[in-house]
Amino acid sequence: MAVKKDYKDKKLAEKLRDRKYYIPDSNPEFIKEVEKIGLTAAHLCYQCGTCTGSCPSAPRSSYRIRLFMRKAILGLEEEILTDPDLWLCTTCYSCTDRCPRDLAPTDAIMAMRNLAARRDIVPRNFLKTTQLIYQTGHGVPNNDANRAARMKLGLEAEPETTHKYPEYLAGIRKIMDHYGLKERADKILAEEG
Amino acid sequence: MADENWKPKIIAIICNWCSYAGADLAGSARTQYPTGIRAIRVMCTGRIDPLFIMKAFQDGADGVLVSGCHFGDCHYLEGNYKAAKRMFLLKSVLKNIGLDDKRLRMTFVSASEGAKWATVMEDVVNTITELGPSPLTELAR
Amino acid sequence: MAEVKKNEEPRIGVFVCHCGTNIAGSIDIKAVMEYAKTLPNVAIADDYQYMCSTPGQNKIVEAIEEHKLTGIVVAACSPRLHEPTFRVATREGGLNPFRFEMANIREQNSWVHMHQPEEATEKAKDSVRIAVAKASLLEDLIPKSVPVERAAMVVGAGIGGMQAALDLASAGIKTYLVEKNPTIGGKMSQLDKTFPTLDCSQCILTPKMVDVFRHENIELLTYTEVEAVEGYIGNFDVTLRKKARGVLTLEEAEARGFVGGGCNGCGDCEDVCPVIRPNPFELGMAPMKAIYIYHPQVSPLLYTIDFDSCVKCNLCVDICGDKKAIDLNAKDEFETVKVGTVILATGYDIFPIEEKFEWGYKNYDNVITSLEFERLICASGPTGGHLIRPSDGATPKKVAFVLCAGSRDNTGVGKPYCSRFCCMYSLKHAHQIIEKIPDAVPYLFYMDIRSFGKMYEEFYYRIQDEGAKFIRGRVANILEDPVTKNLHVNAEDTLLGRPIDVEVDMVVLAAAVQPAAETDATRRLFGVSCSQDGWLLEAHPKLNPCGTTTAGVYLAGVCQGPKDIPDTVAQAEGAASAASIPIHLGEVELEPYFAVCLEDKCAGCGMCINLCPYQALALVEKEGRTVMQVTEAKCKGCGTCGGFCPGGAIWMQHFATPQIIAQIDAFLLGGEQ
Amino acid sequence: MRQYAFFLGCIAPNRYPGIEASAIKTSEKVGIELLPLKGASCCPAPGAFGSIDLNIWYAMAARNVVLAEQMGVDITLICNGCYKSIYEVNEKLKHNDELRDGVNEVLKEIDMEFKGSVDVWHLAELYYDPKIVGLKKIADSITRPLSGVKIAVHYGCHLMKPAKERHFGDSENPMWIEELVAALGAEPVQYRNKMLCCGAGGGVRGYDLTHAIDITNEKMINLQEAGADALTEVCPFCQLQYDRGQIEIEEKFGITWGLPVLHYNELLGLAQGMSPDELALDLHAVDVEPFLKKIL
């Protein structure tokens with residue numbers, strides 16, 4: 001366990017915080033959860049860096065998919081789930097195609113995001129998209145300018161989707177309610193203000 | 001199923017060069033599999049007289065596994081082809097006497113396929129467990 | 001040997017081995033032993049820590065005498081491991097060694113049921129019961145000795161095959177060295193320098209090639225492939241296909257009556273040949289004619305015609321003139337030779353690395369393989385040793401080396417194993433660039449540098465000191481600058497934790513290796529197994545790395561798994577030693593598992609004759625009846641005939657029908673119902 | 001006429017209706033009839049939903065597939081994001097009993113059941129497949145060859161990767177959409193780092209726009225180097241990122257690119273003689289006029 005120094009000065013305490021990795025501080029179950037959700041044997045990662053080398057986000061940020069894999073194997077759950085970089089994966093799957101261990105690092109990242117979401121750690125835009133779908137069936141719903149354009153093209157103002165057939169929305173909402181997603185999204189967004 | 005504690009009696013007759021070696025390899029690799037099968041070693045599956053298998057069923061075996069080399073890999077050139085033909089015919093005989101032909105299975109496991117051997121073991125035990133006791137069991141008593 | 005009288009009541013001794021905790025860890029040894037005592041025919045049951053040890057074996061020897069045993073059962077490891085050991089003990093105790101049966105309670109029990117002690121113990125009891133049933137019916141068998149042909153064959157004349165052939169030949173054994181290519185030397189002859197000593201590959205290889213060529217005991221058969229194999233240890237009949245070469249040796253010319261004729265390697269034919277095609281020895285980077293030698297130093301110095309591209313214009317025939325060395329109507333010829341033992345040394349191929357699309361091999365001009373690098377840096381190569389960029393002929397200054405290109409790769413495109421010599425030759429390549437090109441910088445992208453051999457780590461240290469740059473990260477992809485044809489190598493410097501984009505002039509892929517294309521066909525001819533990755537399977541990975549499960553067939557070099565030159569030579573010498581033993585002994589014992597005809601039961605139907613893959617069976621007239629007769633020397637004991645005989649007239653020794661039925665009955669009818 | 005249920009998604013019908021209109025008209029000319037998939041929803045967005053809970057993603061996508069199962073026809077679609085959700089979930093549920101049972105438990109609440117009875121195709125692959133349409137039929141269908149223009153192709157990630165779960169083969173340097181472009185009489189151009197992501201996916205566009213358009217900008221640099229007159233893709237979300245993204249790049253980085261971005265269906269529509277008005281090309285953020293001048 002990390003040494004507790006109890007320095008009175010908060011800033012100093014943070015600056016001198018014990019940064020060693022202690023096995024008891026980690027969660028060995030975390031990697032198993034990641035593998036279960038991501039359907040990939042993430043513990044077989046041998047840290048070659050092919051993923052980071054393939055990543056379009058890595059060159060322009062501190063996001064390192066290899067480090068997330070490493071931390072997941074070491075069970076550094078807290079560090080992973082609170083890291084804002086977790087949300088910088090564009091899910092382009094280049095790492096998955098090139099991984100020599102035949103793993104799917106992208107799906108491991110998705111699994112880690114799922115686990116973060118279980119703790120209500122989700123960026124607003126993700127939640128907002130789900131709310132829009134709950135309301136309209138679409139993440140990018142129709143608008144008046146578009147309706148006008150559609151009619152000019154000889155299309156109906158509303159496409160043949162939940163927009164034209166809102167009766168189908170009930171089913172969509174039931175599915176989302178099954179997982180309590182709407183409620184959770186509302187709650188998290190409200191808390192954030 | 002007749003009895004909660006019923007466990008299938010399954011006999012495997014396997015060739016020395018491929019499947020027996022593959023089974024040994026599963027051991028060296030400590031690959032775990034169900035205990036339900038007893039193996040008898042012959043030099044080649046070509047040695048297996050259909051009568052052996054009929055005798056096993058008559059004795060009350062719930063399942064019989066025959067396992068040899070992959071086609072083209074037989075240590076004796078073509079013994080496994082001959083065996084496969086015999087097993088194929090034998091399956092229709094089994095059906096004719098009212099035994100589910102799934103009770104007889106032929107597989108091909110090479111000397112390097114320890115993991116496959118374990119899968120076969122699991123598979124055969126599951127299949128036979130699902131089929132339940134052989135209707136000939138009573139006869140054997 | 002104590003004689004066991006016919007019809008004598010069987011008295012079986014059962015010995016249960018603990019194998020330390022290997023067996024005793026999950027099987028209740030005492031319970032198995034006590035159970036054995038209750039079985040019919042069992043006279044004594046005992047156990048011991050290690051049955052294979054001297055005291056363990058002595059237990060058997062003593063028990064045979066003391067209890068007048070007629071058969072022995074040892075419940076221990078796999079018979080494939082220790083059956084020979086315990087047969088010796090059985091014989092020492094005065095019994096026929098074939099009155100021994102093994103129950104495998106380790107590989108097929110304790111090791112695979114480690115967490116089910118109760119079930120494992122039950123299974124062990126069953127195994128012992130089955131073994132006792134068989135042992136009760138075993139009979140005395142006399143192994144047959146067969147003479148061993150005083151000749152050996154080595155398939156493949158790379159460095160491994162050449163070394164093995166030289167060793168065999170120097171031990172006084174006539175050796176046929178068979179090589180599919182027109183020349184010997186294998187992959188090593190394509191290399192420039194060798195790590196870690198940096199001596200030139202040709203310089204150390206050529207003398208050996210000359211030795212091979214000159215050795216009176218070696219019959220060199222280049223441009224020849226194995227067509228068919230019959231027989232068994234001591235007596236292999238190997239049929240060889242001598243591919244139509246179209247060019248006669250001095251001897252062949254003389255045999256045709258052209259005294260003083262035949263190819264003397266003058267090369268006039270090559271000059272006039274109008275057909276130009278890529279030279280495979282130079283990996284297509286140099287031209288070659290339809291009548292060709294790979295390079296001037298080939299051994300034997302003998303031209304070959306590639307009949308796929310030859311247009312039969314006759315220009316070569318004309319210029320060859322009175323030497324009459326060229327025969328454009330040549331056909332493949334076949335020859336069967338008899339050998340006692342065989343060494344396979346079939347080597348490897350380079351994995352088709354273009355299948356890894358992300359590195360752009362064959363798509364980008366300046367991405368080459370390591371073997372191409374060897375030819376480009378070699379003084380006798382297509383560029384005279386000047387390393388150039390294929391796109392523009394410029395001298396590259398920055399060169400990236402991609403290690404583990406296709407090795408340690410579980411994707412299915414690539415090889416899961418470590419190819420074992422790429423790290424070291426890439427270090428050597430780095431050295432060669434630094435040495436030859438002023439200001440050149442090699443960048444080695446690696447995951448681990450595996451410098452495990454003698455003086456290898458020191459070599460790594462030296463190359464680091466010389467200025468090579470090491471980047472710990474596997475190359476993600478390579479992008480080509482469409483204008484300059486420079487290459488951008490993308491990876492993560494995993495130690496820095498940052499993506500890295502290195503612009504280089506040239507990329508060298510240390511491509512994985514895989515078994516040579518012909519390996520699979522060849523191994524099937526000789527009845528040798530392969531492991532899952534296609535490399536030939538040794539008899540035991542640690543204790544018998546040169547042998548195979550087919551008696552009399554041995555392995556040398558990379559065909560058994562990736563290895564560098566020192567390891568290949570060492571294994572070749574080991575294989576040569578192993579292959580010479582039966583030849584020097586002069587005879588080998590064959591397991592007496594052959595078929596015997598029970599003539600009173602044989603109806604002479606002849607159904608078995610065609611079943612036999614070895615033509616060992618025939619119908620003969622005996623006392624006015626037609627019966628089958630077995631040629632014991634030809635019979636290998638597979639039992640295919642015995643498995644079919646409708647009259648039950650074929651007795652398969654040691655695997656006889658009553659013995660097998662007894663095993664089946666023992667399992668299913670014996671035991672606790 | 002081969003019939004397919006036409007899965008619209010969100011961005012095509014609600015932002016670039018020209019893609020929807022052109023898909024319907026162009027496919028008809030090459031023997032494909034697109035049937036409305038009534039009541040379909042968002043696929044749902046793989047980035048947003050997959051990140052929060054993959055199980056909801058499976059269930060919502062499965063609902064859309066079941067709509068087509070009820071019609072008894074295969075699905076075709078025009079967006080790579082939709083392809084990821086609909087194609088991949090359909091395949092996953094077909095081959096993974098545990099996932100399928102989980103999804104069906106939820107779908108039971110709305111009286112639906114995933115059976116796995118239909119397949120999912122991207123319209124572009126139907127165009128390319130010689131057994132369905134093929135390059136020749138495409139070439140024969142055009143009346144106004146797009147000659148004299150260089151067109152670069154962006155494949156989009158979810159169409160090609162992960163390659164093992166797709167059937168297009170090489171995901172490092174594919175060429176089949178270039179062949180489709182060449183069938184229109186245009187010259188397909190190659191450019192550096194062709195397979196680079198547009199930057200929008202995985203929720204990154206909404207999460208960190210600057211980050212997302214910086215990736216887009218890298219693409220623009222490479223495209224300009226190659227001298228492309230236009231960029232084509234088969235994904236309205238990529239189109240949105242490249243089209244509107246150029247405006248955002250201008251706003252945030254002060255760089256103007258002005259590279260027209262057209263969905264392949266829009267290009268095909270133009271080549272088959274549809275007018276720019278019929279394609280609502282005026283809704284594009286980047287002016288398409290200069291490109292149109294070169295071909296009309």
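D:Asp229 is buried in this predicted model, its relative accessible area being 17%, and the cut-off that places the residue in this class is a value under 20%. Its carboxylate is nevertheless paired, for D:Asp229 forms a salt bridge with D:Lys294 in which the closest N and O atoms are 2.7 Å apart. The two partners belong to distant parts of the chain, 65 residues apart: D:Asp229 sits in the loop between helix H12 (209-226) and strand S7 (230-233) of chain D, while D:Lys294 is part of helix H15 (residues 289-295) of chain D. The lysine counts as partly exposed, with a relative accessibility of 46%.

Chain D itself is divided into two parts, domain 1 (2-123) and domain 2 (142-295), whose centres, taken over C-alpha atoms, are separated by 23 Å. Their contact draws on 28 residues from domain 1 of chain D and 31 residues from domain 2 of chain D. The size of an interface is often given as the accessible area lost when the parts come together; between these two domains of chain D the buried area is about 2,400 Å², and carbon and sulfur atoms give 62% of it.

Polar and charged groups also take part in this domain interface, across which three salt bridges are found, and nine residue pairs are in polar contact, counting pairs with both residues at pLDDT 80 or more. On the side of domain 1 of chain D that touches domain 2 of chain D, at least two residues each are supplied by helix H1 (11-14), helix H2 (17-29), helix H3 (46-52), helix H5 (80-95) and strand S4 (120-122) of chain D. The largest share of that side, nine residues, comes from H2(D), and by class the side divides into 15 nonpolar, seven polar and six charged residues. One salt bridge in chain D brings together the side chains of D:Lys92 and D:Glu165, at 3.5 Å from N to O, and both of these residues belong to a network of salt bridges that also links D:Lys84, D:Glu88 and D:Arg166.

Turning from the domains to the chains, four pairs of chains are in contact, and among these chains A and D share the most contacts. Chain A and chain B do not touch, their nearest C-alpha atoms being 18 Å apart, and no contact joins chain B and chain D, whose closest C-alpha atoms also lie 18 Å apart. Where chain D meets chain C, seven residues of chain D are in contact with eight residues of chain C, and the area buried there is about 680 Å², of which carbon and sulfur atoms give 51%. A single salt bridge is counted between these two chains, formed by C:Asp481 and D:Arg192 with the closest N and O atoms 3.1 Å apart. The side of chain D that touches chain C has no nonpolar, two polar and five charged residues.

Over all chains the count comes to 80 salt bridges, and two further examples show what such pairs can connect. The side chains of C:Asp665 and B:Lys55 meet at 2.8 Å, N to O; C:Asp665 lies in helix H17 (residues 657-668) of chain C and B:Lys55 in helix H2 (residues 50-58) of chain B, so this pair joins two chains. Within chain A, A:Arg147 forms a salt bridge with A:Glu158, the closest N and O atoms being 2.6 Å apart. Because A:Arg147 lies in helix H9 (residues 144-152) of chain A and A:Glu158 in the loop between H9 and helix H10 (169-178) of chain A, the pair ties together parts that are 11 residues apart in sequence. A:Arg147 is partly exposed at 22% relative accessible area, and A:Glu158 is partly exposed at 23%.

Key: Residues numbered from 1 in each chain as written. Chains lettered and ligands numbered in written order. Predicted model: local features only at pLDDT ≥ 70, side-chain atom pairs only at ≥ 80, totals over all residues. Heavy atoms only, no water. Contact = heavy atoms within 4.5 Å. Buried area = accessible area lost by both parts, 1.4 Å probe. Salt bridge = Lys/Arg side-chain N within 4 Å of Asp/Glu carboxyl O. Nonpolar A, V, L, I, M, F, W, Y, C, P; charged D, E, K, R; others polar. Domains from an automatic or database assignment. Polar contact = N/O pair within 3.5 Å; in protein donor to acceptor, adjacent residues only side chain to side chain. Helix = DSSP H or I, 4+ residues; strand = E, 2+ residues; numbered from the N terminus. Buried < 20%, exposed > 50% of the residue type's maximum accessible area, 1.4 Å probe, protein only.
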